[in-house]
Amino acid sequence: MAVSCHFIVEGNPVIVYASRNGNPKKVLPKLQRFLDTFTQERDTMGETVHTPECLVAQIIVRFGFELCEDDFSNLRVGLNYDPKVDYLYQVGTNFTVTVMEPLEAYRQQPDLGLKGCQVLTIETPV
């Protein structure tokens, strides 16, 4: 069964959607390693400008490939929340990840975004 997910990066309005492989048991270990590498590279280079934009781009390029495998119709970027998504991963400006699960209110009105979801796991610092 396909498990869909959204990636939301604080400070950027873009919503990344992946139609499969979005289960937290699969996503969180990969996302944590990815964020560790991303932060180390940014720190090494002394980069602090456009971090939310760079992070979204890197999620799409690096992380999106792992989730969608060879079928890139399973990956999209937009400004709207999908009412049928299974999980939402919010990456904070401090690189913490919060996993959210949609409530019925979200399903009925996805433009509620994260306000229509409940926290599934406690934030974990990277």
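Here are some short exercises on this predicted model, each with a worked solution.

## Exercise 1: Charged partners

Find how many salt bridges the whole structure holds, and say which side chains make them.

**Solution.**

Step 1. Start with the idea behind the search: side chains of opposite charge can pair when their charged atoms come close.

Step 2. Searching the whole structure turns up two salt bridges.

Step 3. One of them joins the side chains of E41 and R62, with 3.6 Å from N to O. E41 sits in helix α1 (residues 24–45) and R62 in helix α2 (residues 51–68), so this bridge ties together parts that are 21 residues apart in sequence.

Step 4. The other joins D82 and R76, at 2.7 Å from N to O.

Step 5. Now check how open these residues are. E41 is partly exposed at 37% relative accessibility, and R62 is partly exposed too, at 39%. For the D82 and R76 bridge, take the cut-off for buried, which is under 20% relative accessible area. D82 has 15%, so D82 is buried, while R76 is partly exposed at 43%.

## Exercise 2: A charge over a ring

Work out which ring the charged end of R76 sits over.

**Solution.**

Step 1. Go back to R76, the partner of D82 in a salt bridge.

Step 2. Follow the R76 side chain to its charged end, and you'll find the ring of Y17, with 3.8 Å to the ring centre.

Step 3. Y17 also turns up in a core of eight residues, separate from the largest one, that includes M100, Y106 and C117 as well.

## Exercise 3: Unusual backbone angles

Explain what stands out about phi at N21 and F95, and say where each residue lies.

**Solution.**

Step 1. Recall the usual pattern: most residues other than glycine have a negative phi.

Step 2. N21 is not a glycine, yet its phi is positive, about 60 degrees. You'll find N21 in the loop between β2 (15–18) and α1.

Step 3. F95 isn't a glycine either, and its phi is positive at about 65 degrees. Its place is the loop between β4 (87–91) and β5 (97–102).

Step 4. Are these two loop residues buried or exposed? N21 is buried at 17% relative accessibility, and F95 is buried at 14%.

## Exercise 4: The largest nonpolar core

Say which residues touch the most other members of the largest nonpolar core, and which element gives this core its largest share.

**Solution.**

Step 1. The core has 25 residues, and the ones touching the most other members are F7, L31, L35, L55, F63, Y89 and V97.

Step 2. Next, sort by element: β1 (5–9), β2, α1, α2, β4 and β5 each bring at least two residues to this core.

Step 3. The largest share is from α1, with six residues.

## Exercise 5: Aromatic rings

Count the aromatic pairs in the whole structure, then describe how F7 and Y89 are arranged.

**Solution.**

Step 1. The count for the whole structure is four aromatic pairs.

Step 2. To describe a pair of aromatic rings, you need the distance of the centres and the angle of the planes.

Step 3. For F7 and Y89, the centres are 5.5 Å apart and the planes differ by 25 degrees, and the pair is stacked.

Step 4. F7 belongs to strand β1 and Y89 to strand β4, so to speak of distant parts of the chain is fair: they are 82 residues apart.

Step 5. F7 is buried at 2% relative accessible area, and Y89 is buried at 0%.

Step 6. Elsewhere, ring pairs link F34, F38 and F95 into a cluster.

## Exercise 6: Two residues and their contacts

Find what T51 and N23 touch, leaving out residues up to four places away in sequence.

**Solution.**

Step 1. T51 is in helix α2 and is buried at 17% relative accessibility.

Step 2. Its contacts are F38, R42 and F95. With R42, the side chains of the two residues share a polar contact of 2.9 Å.

Step 3. N23 lies in the loop between β2 and α1, and is partly exposed at 29%.

Step 4. N23 touches V3, Y87 and Y89. For N23 and V3, which are 20 residues apart along the chain, the C-alpha atoms are separated by 6.0 Å.

Technical notes. Residues are numbered from 1 along each chain as its sequence is written. This is a predicted model: local features need pLDDT of at least 70, side-chain atom pairs count only at pLDDT 80 or more; totals for chains, interfaces and linings use all residues. Side-chain values use heavy atoms; hydrogens and water are left out. A salt bridge is a side-chain nitrogen of Lys or Arg within 4 Å of a carboxyl oxygen of Asp or Glu. Helices (H or I, at least four residues) and strands (E, at least two) are DSSP runs, numbered from the N terminus. Buried means under 20% relative accessible area, exposed over 50%, partly exposed in between (1.4 Å probe, protein chains only). A nonpolar core is a set of buried Ala, Val, Leu, Ile, Met, Phe, Trp, Tyr and Cys residues joined through side-chain atoms within 4.5 Å. Rings of Phe, Tyr and Trp (its six-membered ring) pair if their centres lie within 6.5 Å; planes under 30 degrees apart count as stacked, over 60 as edge-to-face and the rest as tilted. A charge sits over a ring if NZ of Lys or CZ of Arg is within 6 Å of the ring centre and within 35 degrees of the ring normal. A polar contact is a pair of N or O atoms within 3.5 Å; within protein, one must be able to donate a hydrogen and the other to accept it, and residues adjacent in sequence count only if both atoms are side-chain atoms. Contact means heavy atoms within 4.5 Å.
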